[in-house]
Amino acid sequence: MFEIGLTHYLVVATLLFVMGIFVMITKRNAIGILIGVEMVLNGANINLVAFNRYNGMGNIDGQIVSLFVIVLAAAEAALAVAICMNFYKNLNTVDVDHGDTLAG
Amino acid sequence: MTLRLKKILLLMTPLAIAMFIAAAPVHAADTDLSLSDQGIQTSADGGLLEALMFYACAGVILASGLAICLSKNIVRMAVYLFGTLAAVALMYFLLLANFIGVIQLIVYAGGTLILLIFGVMLTSKSPWAKFEVKRSELIAAGVVCALFAGMLLFVVVNAEWPLETDAVVVGSSMTQFGTGLLTNYLVPFEAISVLLLVVMIGAAYMARQE
Amino acid sequence: MTQFSVPWKQSPPLEYRGPARGIVALARMVYTMATPIVSRFPGPILLGAIIGGTLLVWAHWMLFGFVETIAASDVNGAAHSVWGQTLTTAEIGAYLDAHSIVASGILKYLLWPLQLELLRDLVGLGAIFGLFNLIPVYAIWWERKVAGRIQSRMGPMRVGGWHGWAQSFADGVKLVGKEDLVPEQADAMLFRVAPYLAFVPSLLAFLCLPLGSYWVFRNVDVALIFIIAMVGVEVVGVIVAGWASNNKWSVYGAMREACQMVSYEIPMTTVLLIPIMTAGTLNMVQIGDMQTGGWFSWNAFHNPFTFIAFITYYIASLANCKRAPFDLPESESELVAGFHTEYSGFRWALFFFAEYAAMFVVSALAVTLFLGAWHTPIPATWAFEEDSIVKIFLNGVLFSSPFWFIFKCFIFIYIQLWIRWTLPRIRIDQVLYSCVQVMFPIACVALVGHAVWMVLLDGTVFSDIIRWILGLLTAAVTFGFLSVAAFGYRNGRQMVGYLAVKQLPGA
Amino acid sequence: MADTIAPTNPADASAPRQADVRTEEMLVNMGPQHPSTHGVLRVVLRTDGEMVLQSVPHIGYLHRCAEKIGENVAPYQYVPYTDRMDYLAGMNNNQAFALAVEKLTGLEVPERAQYIRVMFAELNRIASHLVAIGTYGLDMGAFTPFLYCFREREMLLDLFESACGARLTYSYITIGGVTDDLPDNFVDVCSEFLDYFEPKVDDYNNLLSYNHIFVKRTGGVGVISAEDAIRFGLTGPVLRGSGVKFDLRKAKPYEIYDRFNFDVPVGLSGGTGEIPRGVVVGDCWSRYYVRVKEMIESVKIIRQCLRDIPAADEKEGVCNKKCKTVKLPDDEVYMEIENPRGQLGFYVKGDGSAIPARVKARGPSFCNLCVLEYAGKNCLLADIPAIIGSMDVVMGEVDR
Amino acid sequence: MSFEEICQILKSQFGDAIEETAVDSCRPYVIVSNDKWTEVATFLRNDSRMAFDFLQCISAIDLLADDKLACVYDLAAMSPLSATENMSYVRELAVRVVTDRNNPQIASVAHLWAAADWHEREAYDLMGIDFPGHPNLERILCPDDWVGHPLRKDYAHPLEYHGIPGTTEHELKSPRH
């Protein structure tokens, strides 16, 4: 119980990942979906760092990859918010259910 | 006490502060001035404290994650996400990945999250815009996610991870990061920088007004 | 005749129940007892408090250092840990006897708990929290004094006696006593949480902030980025506060803050790369300890690019802790009070604490990274051998100590205040223009230039000449300013009442 | 939508600004309780982000039926009410009403009283402009010039107090003269003050007028062309800031203004002489700077007054003895003077009794404020305080 | 150009529309017939001999004895625009337009002089004169739901407005209108 190992971290990561997916499925708001994506990425990132810590063979490859993930997530968020703005400009809403009109 | 004497005494005050604080000095003449970067471990070496910290972090992550799932208010979701991100950063510190932790804070919490809130502000008509979800959808999503979580957890808990329990645990050092990024990971590093440039231009293009 | 009726709900007067009643009674008792004493001897009490506080800090430090030496002298090397093996009282007593220290019988029991890291951390945290609270309190008082002097008036003069030194405490008492209003249409939960989201990060930044080589709570290898991140995270609280207030002016304040903060972090972080490149580390203690060689070894004078970087950093830091002329998020003439329009009482005070603490933090970064951290302009190689307490003391006064660090920080806070009370506010488009089109290019040029300089010119005579010129230039400017200030202080002290009396005998 | 609004403001041509990101249009209520609306002005702003697409002023929050009261009291009783209209320039308001009644009834004013009136009107002009300049600095976020201005204003108020005992609502200039003669050493004290005050104007200039940020904030903002200024009936520094050299003291000299030698400052375009670059004729900076220059001209007039003022005449006094018994003929008059804020006119209609049948005040702030809807269009949110501040409105007189 | 000359031109141009010229008044004025007022105003504004480009004031007055309301327009023509020479009024003119008390209507001149906008709104608010053609004729000083027009001589003080007491007993006994 008090001996924290790899599995503990993986369980937290898994739960965060699944909750992210749940958010992505259930939220109608485009930015809500974006929040779900961030949660999924964070869950994955915990995995990377945890494996690096417990199974890293002395190097930090896992951390470098997680660094890339963070940077990519930031880029993705910037672009996604821009898309949301465009979406809002055209349809006057950010409800993704309205995104099926081609005549945006 | 005459006024003059009082004034002199009051003028002495800063001097006194200076002397008394300075009297506990650490002069740096004997400090090691080597340029090398020693990775200094910040988290405790296992034991109860680490366990407590871990459970606290995990609690915050899961609680705020759950709150995101259940909340209908988009701004509140973003604030809960802040809780998740900060707790994940703390978890990185526990995992001795200090650099990743601070990068998580500065990029995620300080940048991405603000961007998200900014997006919310710009795209919601009323402050408390709500998007109702059908109950059937909610139940379906819950079932799917529960199954998925069960499956993943089963794998995670039962898998035999080849652990190097006795391996030397080192904190990440900046030197390692620099070397890694400019040797083994040079191509992805450059690719990401190009991607960032593309994203910057693309985002500016998409958000601008025709 | 119709009666006036108040349209808003009236809250019943406060009633204290249970333990609160006891606390209130205690506070009243303390107040009645303390008031006559404090009002009669304000000066000596202030002096005594300062001396006592510094002595306490000093004693702590000596004590910790002492325990450190005991632990280090332990044969097993089993140093202090949280719960792990510790020295027994007998071992401590033996050490004390060996060094013939008096009263070892009692002292060993008193010293024993200090080796527990948890206890030491708690004491350290307490000290940091105290510092964190004291700095805003006195920065606010000082701001009011400086503002008063700039505007040819006196500033606070009453509370506490000497120049209103207790004004901020009185304000604090007033603010805590005010009603904690939450607007009816606001998002109450976020409204209540937001001040803490601003307050806590700026407190966390102090955890990694070194005041001296050993005066740091946690010597983290990524301290610099951690502090920048904390200053940046503070903005989340501000945005949430503006949003949750459900007030259009607050939302404007929050939007401006988000916009300004995100933009100015770019040039600020870019120029901070320059001292990092010079030092080759992100560890603040190491960066500080690199600048022991006196005035000319300070990073700002390393080459022209570092000097430019220093100035750029300082301007960007003004924007980053929303000080004038970049105080758009709370500009009172446009946005009423910006993001904290709806706040009152204690929560409002939390925003102020966060702001002033952030002012100290960015000044501390400027001092640590560019201006010799905790060192004096005298090279440390001239320091005395530390073989007696007097020489230790003199080394502290003359060469390096936390006092010098705080002193330098307050010089920069003073410049912030000075700018605040003399310059008008700039407009949002001008803010973004100066960030994107002026400061960011300058920062990039400085970064590249510094890299080239380090490769090509470092260690050459030319580099030394440039360093001396820059150092001398800055010294000349500093002394010029000081002499002007002294002259003005001697000759220009003109106050409203004095002139009015002098100019208008018949009035 | 920003792009559908036709750019009617000449400011747009010089500095085209566009909202990069389209956001939700929002109606924002600026005032009646707002730090930079100088009282209880309410401006409804239609904004798109930081852009203001339209600003509609709403007034009336300080309406105190001043004109109705005028129909119920005798003229000499009405003088104190005029103080309360433009409470920053009480002397000038007293003067305007007194002149209107004197013109209607043909009351003679002693010469010494006329000198005193002009002197105090100009002193009050300085005091009023000091408040205008100081509060304009406040609007721009510079707190310090405000207190410098108030420091000098305090001395002026001391002067007023020495003459009439009041510091804000003087009622000093009354029908037929002034209520009381000057204190004995007033001439010395006043000239001492003028010697002290004149160099202080350079201080304000160094601190605020030529400050780079201040010029950037106000130069080229809220431009009103000369033709538009006349079309909207603007007067005072607002009109002169648009480059129209019109001053009632020169154009239609009342009292004894034709005896004095002074200049009428107007707004000039930037880059020449003392005017900084980036300033356009008719912008906020020009209006502000006209006030600074007018203070110096007022000092000139006061110096000439102090030099020429006739000695006190015991027999004649400083007030026409008939001032309280005068009957208003069945006739009407419109008398306008140059207030610190512009043309203050009083329309007085008598019906043969001692009490007027109609008193109408043409407030300069009232007429200047109506241009806000025109000038505060397609600008940034931060420009709105700049434009309102440069109009220098006093809500007491707008709402009356 | 003197007042008489202006009257001469106006009379030759409009004849009967100029009902009266009060030359002996302390401030001479002309009375223009209400139905011709738009034409006269346009003439005053645009004709090169008149060119009254500056509207100083519009004062609404209550002529209770004649059962009339009236507006007095104080017009002025400025000398040519100049930033160097002191400008002055070339000519001034006061015009009075009388209207019926029960259905007071005077054509708006806001399209000729932008300054007339708020003056007319004020006259509407306080005296109750309607200005057909005004772009935005709303109450300006009083609240939108105010009853009556306070500057009329027969105006009765309201006793109460939204629960705020309107007047005192003493004033009720001795109103002077």
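In chain D of this predicted model, confidence is lowest in helix 1 (residues 10–14), where the mean pLDDT is 40, and highest in helix 12, where it reaches 91. Helix 1 falls within residues 1–22 of chain D, a stretch over which pLDDT stays under 50 and for which the model has 40 contacts beyond four places in sequence. Where pLDDT is low, the predicted coordinates should not be read in detail. For chain D as a whole, the average pLDDT is 84, and 94% of the residues score at least 70.

Within chain D, an open sheet is built from 3 strands in the order 6-7-8, with antiparallel pairing. Its edges are formed by strand 6 (332–339) and strand 8 (358–362) of chain D, each of which pairs on one side only. Averaged over the sheet and with direction ignored, neighbouring strands are turned by 15° against each other. Strands of a sheet pair through backbone hydrogen bonds, either parallel or antiparallel. Between strand 6 and strand 7 (residues 342–349) of chain D, which run antiparallel, there are 8 bridges, and one residue pair to look for here is D:Asn339 with its bridge partner D:Gly342 in strand 7 of chain D. On the other side, strand 7 of chain D is joined to strand 8 of chain D by 5 bridges, again in an antiparallel arrangement, and D:Lys349 stands opposite D:Arg358 of strand 8.

Is strand 8 of chain D, an edge strand of this sheet, buried or exposed? Because 5 of the 5 residues of strand 8 of chain D are buried, the strand is largely enclosed by the rest of the structure. D:Arg358, D:Lys360 and D:Arg362 point one way from the strand, whereas D:Val359 and D:Ala361 point the other way, and all of these residues are buried. As for what covers the sheet elsewhere, helix 4 (residues 90–105) of chain D lies across strand 6 and strand 7 of chain D, running at about 150° to strand 6.

Turning to the helices, helix 5 (residues 111–139) and helix 15 (residues 383–391) of chain D pack at an angle of about 175°, with their axes 9 Å apart. Since angles over 145 degrees count as roughly antiparallel, helix 5 of chain D and helix 15 of chain D are therefore roughly antiparallel to each other. Helix 5 of chain D makes this contact through D:Thr135, D:Tyr136 and D:Asp139, while helix 15 of chain D contributes D:Pro385, D:Ala386, D:Gly389 and D:Ser390. Sorted by class, the contact of helix 5 with helix 15 of chain D has 3 nonpolar, 3 polar and 1 charged residues.

Two loop residues of chain D deserve a look for their backbone angles. D:Glu255, although it is not a glycine, has a positive phi of about 45°, and its place is in the loop between helix 11 (248–251) and helix 12 (284–308) of chain D. D:Asn378, likewise not a glycine, has a positive phi of about 50° and is placed in the loop between helix 14 (372–375) and strand 9 (379–380) of chain D. Why does D:Glu255 count as partly exposed, and why does D:Asn378 count as buried? A residue is buried if 20 or more other C-beta atoms lie within 10 Å of its own; D:Glu255 has 19 C-beta neighbours inside 10 Å and so counts as partly exposed, whereas D:Asn378 has 22 and so counts as buried.

Beyond chain D, the contact between chain B and chain A takes 70 residues from chain B and 59 residues from chain A. On the side of chain B that touches chain A, at least two residues each are supplied by helix 2 (48–70), helix 3 (74–94), helix 4 (98–123), helix 5 (135–158), helix 6 (174–182) and helix 7 (186–207) of chain B. Helix 4 of chain B gives the most to this side, with 13 residues. By class, the residues of the side of chain B that touches chain A divide into 56 nonpolar, 11 polar and 3 charged.

Chain E, finally, has a secondary structure of 4 helices and 7 strands, which follow the pattern α-β-β-α-β-β-β-α-β-β-α when read along the sequence. The C-alpha atoms of chain E fill a box of roughly 55 × 40 × 30 Å along the principal axes, and buried residues make up 37% of the 177 residues in the chain. Among contacts in chain E between residues at least 6 apart in sequence, 47% join residues at least 24 apart.

How values were computed:
Residues numbered from 1 in each chain as written. Chains lettered and ligands numbered in written order. Predicted model: local features only at pLDDT ≥ 70, side-chain atom pairs only at ≥ 80, totals over all residues. Pairing = 2+ DSSP bridges. Axes fitted to C-alpha atoms, helices over the stretch in contact; angles between N-to-C directions. Contact = placed C-beta atoms within 7 Å. Buried ≥ 20, exposed ≤ 12 C-beta atoms within 10 Å, placed from the backbone. Parallel < 35°, antiparallel > 145°, perpendicular 65-115°, else oblique. Nonpolar A, V, L, I, M, F, W, Y, C, P; charged D, E, K, R; others polar. pLDDT = per-residue confidence, 0-100.
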